[in-house]
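The following exercises concern a single protein chain. Please work through each task before reading its solution.

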Amino acid sequence: MTRRTTALSAAVALAAALALTGCSSDGGKPELKVSGAYMPQPVMDMAGGFLTIRNTGGTADKLTSVTSPLSDDVTMHETKNQKMQRVKAFDIPANGELRLDRGGNHLMFMELKSKPKQGEKVSVELHFEKADPITVELPVEAPNHNPQQH
């Protein structure tokens with residue numbers, strides 16, 4: 001009987017240790033992946049940028065800034081009550097995602113240095129509070145491109 005109790009105690013201790021490891025205070029690092037990136041071909045001297053950042057890590061992060069050779073003024077905007085307003089950062093929840101879509105949260109490229117054409121790519125660097133920067137190539141799509149309609 002004591003051997004069984006010892007084995008059971010060891011199993012309970014191991015299960016508790018594994019559970020605590022999975023719930024460590026920092027939860028690990030953010031694990032960020034970018035998908036669905038695109039920029040509609042600009043028709044004026046500004047453009048929008050859209051993408052999804054998926055965080056498979058156990059720690060939340062924030063998108064804090066975006067830089068690009070296309071513009072010295074790349075800003076982040078949210079749309080609330082059909083009004084667009086600039087934000088300083090976007091939250092990226094642990095085991096969640098940040099979606100930048102037409103009609104919603106998005107990137108704005110102001111005073112473009114050139115107007116990229118459909119089929120070209122625009123390089124952007126995404127900067128985060130915790131994770132290392134990620135460089136993404138945004139394919140330039142038709143001005144009316146909206147992947148949600150496909």
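**Exercise 1. Overall make-up of the chain**

What percentage of the 150 residues in the chain is buried? Establish also the order of the secondary structure elements and the origin of the contacts.

*Solution.*

Step 1. The model is a predicted one. With buried defined as under 20% relative accessible area, such residues form 36% of the 150 in the chain.

Step 2. The surface is considered next. About 9,300 Å² of the chain is exposed, and 53% of this area comes from carbon and sulfur atoms.

Step 3. The secondary structure comprises one helix and ten strands. Read from the N terminus, the order is α-β-β-β-β-β-β-β-β-β-β.

Step 4. Among contacts with a separation of 6 or more, 70% join residues that stand 24 or more positions apart.

**Exercise 2. Confidence of the prediction**

Determine which stretch of the chain has a pLDDT below 50.

*Solution.*

Step 1. The average pLDDT of the chain is 87, and 81% of the residues reach at least 70.

Step 2. Residues 13–26 have a pLDDT below 50, and this stretch makes one contact in the model beyond near neighbours in sequence.

Step 3. A rule of reading applies here: where pLDDT is low, the predicted coordinates should not be read in detail.

**Exercise 3. The largest pocket**

Describe the volume and the lining of the largest pocket.

*Solution.*

Step 1. The largest pocket holds about 200 Å³ of space.

Step 2. Its lining consists of 13 residues, of which P42, V43, M46, A47 and G48 are closest to the centre.

Step 3. Two or more lining residues come from each of strand 2 (47–55) and strand 8 (106–110). Strand 2 is the greatest contributor, with three residues.

Step 4. Sorted by class, the lining comprises nine nonpolar, three polar and one charged residues.

**Exercise 4. The setting of G48**

Is G48 buried or exposed, and which residues beyond its neighbours within four places in sequence does G48 contact?

*Solution.*

Step 1. G48 belongs to strand 2 and is among the residues closest to the centre of the largest pocket.

Step 2. The relative accessibility of G48 is 14%, so this residue counts as buried.

Step 3. Once neighbours within four places in sequence are set aside, G48 contacts Y38, M39, P40, L107, M108 and F109.

Step 4. A separation can be added: from C-alpha to C-alpha, G48 and T75 lie 9.7 Å apart in space, with their positions 27 residues apart in sequence numbering.

Terms used
Residues numbered from 1 in each chain as written. Predicted model: local features only at pLDDT ≥ 70, side-chain atom pairs only at ≥ 80, totals over all residues. Heavy atoms only, no water. 1 Å grid on protein atoms, 1.4 Å probe; cavity = no way out; pocket = protein on both sides within 12 Å on 5 of 7 lines; lining within 4 Å. Points joined across faces, edges and corners; volume = space filled by probe spheres on them. Helix = DSSP H or I, 4+ residues; strand = E, 2+ residues; numbered from the N terminus. Nonpolar A, V, L, I, M, F, W, Y, C, P; charged D, E, K, R; others polar. Buried < 20%, exposed > 50% of the residue type's maximum accessible area, 1.4 Å probe, protein only. Contact = heavy atoms within 4.5 Å. Areas by Shrake-Rupley, 256 points an atom, 1.4 Å probe, with all protein chains shown as cover. pLDDT = per-residue confidence, 0-100.
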